[in-house]
Structures are given as structure tokens and as C-alpha cells.
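Biologist: Mind walking me through this model? I'd like to go from single residues out to the whole chain.

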Amino acid sequence: MASPKSKNSQTVKNELPPGRRDGANAKPRPRPVRSRYSPAEVHEIFRRFLVKRPEPRGELEHVNAFTLLVAVVLSAQATDAGVNKATRALFKVADTPQKMLALGEAKVGDHIRTIGLWRNKAKNVIALSQALISDHGGEVPDDRDQLVELPGVGRKTANVVLNMAFGQHTMAVDTHIFRIGNRLGLAPGKTPEQVEQGLLRIIPDEYMRHAHHWLILHGRYVCKARKPDCPACVIADICKAEEKTTNVPAPLVEIAPLGPIDEA
Ligand code: SF4
């Protein structure tokens, strides 16, 4: 899905100093709080995530950068499974901004009625399709400043699209990553953006391509919000969370990639 332009973005990114992976127009941000982990410990954490899931994938179904963008916009305050259920039929008939616009707000609304805030989201999907056609030649831009100008697109959505569709080393901080950053003391922060900056500063470049997915999956299936499943955790010996219940790491074995997810 990478576009020729994304290569240029990558070059610019690689010229940025550590912790400034967000483009030349980035505004100065508050300094992140120090991680409780040494560089060697951070490296080991992500090495183990890599062994466990060599090719992690996002769980939102999509067929191109546009449908990814729409799926992420729809996923605000909704589960990935719920979004997938609605978008399977929607993306069959509308996988480009032009087709989405032709479908119209009422029909988009019919498809996504099971998703929370569907009325507003249907409006945004049509408005963002219109903006992509009029301002970006019908293409999804690979630039954060341009993405966040689109209706319904915030920093987190832009980071997901930049990472998944264009391979940029961004960190989209959702509820799971925010919790892990703080619970483990990996990248403490009061706001998602502080956690984002902290993680960008400490995660080695070689792991940045998949770091976002590894952390989400770790938070969703192991280091869960209410009760972390420490006996199933491959980094239990390194973890410095107050809540952890064991120092013995789970066996480090590759697990099968997840298939399409549906609500039980
Ligand atoms: S040991 Fe427990 S608290 Fe620490 S990362 Fe693993 S699941 Fe989370």
C-alpha cells in the first residue's frame, strides 16, 4: 500500500533527531517523563514481541488506504469487531471516495447503523470523501498535517493510517497503549500525546514498524485493563508494574496470526 511519496517521507523521518519522528512541521511538545526501563530492557521487550508475533496485523478490515481511513474513523468508541461487521458490506459497494460519495449519507448510515454515533460518522465519511476528491485528487495523503484537516480525523487516526498504509514509524496511542505506557512505566504520560512522544523516544527504530500493533495486542489480550494476565505474559520478568502477579515469563513461542475477528 506504500505510495512513491511515502519513500520521501521516510527519508525525511530518518533525518530527524531521536524522538522527532513526526515531520518537519511538528510543533514543540512537552518533554516526556522518563521511562523506567533501560535501553537494553526496552530492546528485549520488543525482541520478545517480535518472536511472539513476527507479522502483527491490525484487526480492522480494509482493502486500501481509503477503506482503512474510513474504518479507523468509524472505530472511535466502537469495537473493531463491530466496525468489521458493518464495513464488510459497505466496502464491497464503496471502496473509493468517489463511490462513497455516490452512495450518499443516507445509505452509508444504513450500513453503519450498528456502530455508535453512526449519524455523525456517516456525515464525516461523506465529508472526508468529498475533501479527498476536491483537495487530494481522490488519494489519501501520507502527511499528518493534511490528514488531521479531514473531517473526523484526529491525531490518533492519522497515526494509524500513516503507520499501516504508508509504513511510517508513528505511534497511535489508544486506550491500551496509554494504559501500558503508564502501568509499566514504559512511557509515562498524562496525555496520549505525552505517551506517544515517550514511546517514540525509547523504541529502537528496528521495531517501530510494528511497535504500535504489538502494544495494542499485548494490551488487548494479555495486559488487560481490569486484570492483567501476568502468567501469560512473555515480559513478566522485565515488567516493573505494581500490579504484576509473577516474575516468571510465559514461554516465548510464536503464536498463530489472528484471523478476521467477529463479535462472539
Ligand atoms: S507482567 Fe503483568 S502487568 Fe506486567 S506487562 Fe505482563 S501482564 Fe502487564
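Biologist: Leaving aside its neighbours within four places in sequence, which residues is I235 in contact with?

Modeller: Bear in mind that this is a predicted model. I235 is found in the segment after α12 (205-221). Setting aside residues within four places in sequence, the contacts of I235 are I45, R48 and P249.

Biologist: Is I235 buried or exposed?

Modeller: A residue counts as buried if 20 or more other C-beta atoms lie within 10 Å of its own. I235 has 24 of them within 10 Å, so it is buried.

Biologist: How far apart in space are I235 and L252, C-alpha to C-alpha?

Modeller: In sequence, 17 residues separate I235 and L252. In space, C-alpha to C-alpha, the distance between I235 and L252 is 9.2 Å.

Biologist: Which residues come nearest to the ligand?

Modeller: There are 13 residues around the ligand. The shell divides into ten nonpolar, three charged and no polar residues. Those that come nearest are C223, P228, C230, C233 and C239.

Biologist: On to the helices. What do the buried residues of α7 pack against?

Modeller: Helix α7 covers residues 118-136 and reaches 25 Å from its first C-alpha to its last, close to the 27 Å expected. Its buried residues are K121, A122, N124, V125, I126, L128, S129 and L132. An α-helix has 3.6 residues a turn, so residues three or four places apart point the same way. What the buried residues of α7 pack against is α3 (65-74), α5 and α6 (105-112).

Biologist: Which residue follows α7?

Modeller: The residue there has a positive phi, near 60°. It is G137.

Biologist: Which helix gives the most to the largest nonpolar core?

Modeller: That core has 67 residues, and those with the most contacts inside it are L68, L69, V72, V73, V125, V161 and I203. With nine residues, the helix that gives the most to this core is α3.

Biologist: Which residues does V73 touch, not counting those up to four places away in sequence?

Modeller: V73 is among the residues with the most contacts inside the largest nonpolar core. Beyond four places in sequence, V73 touches K121, N124, V125, L128, G152, V153 and T157.

Biologist: And where is confidence lowest?

Modeller: The mean pLDDT of the protein is 88, with 85% of residues at 70 or more. Over residues 1-21 pLDDT stays under 50, and the model has 30 contacts beyond four places in sequence for them. Confidence is highest in helix α5 (residues 97-103), at 98, and lowest, at a mean of 37, in helix α1 (residues 4-14).

Conventions
Residues numbered from 1 in each chain as written. Predicted model: local features only at pLDDT ≥ 70, side-chain atom pairs only at ≥ 80, totals over all residues. Near = placed C-beta within 6 Å. Nonpolar A, V, L, I, M, F, W, Y, C, P; charged D, E, K, R; others polar. pLDDT = per-residue confidence, 0-100. Helix = DSSP H or I, 4+ residues; strand = E, 2+ residues; numbered from the N terminus. Contact = placed C-beta atoms within 7 Å. Expected span 1.5 Å × (residues − 1). Buried ≥ 20, exposed ≤ 12 C-beta atoms within 10 Å, placed from the backbone. Core = buried A, V, L, I, M, F, W, Y, C linked by C-beta atoms within 7 Å.
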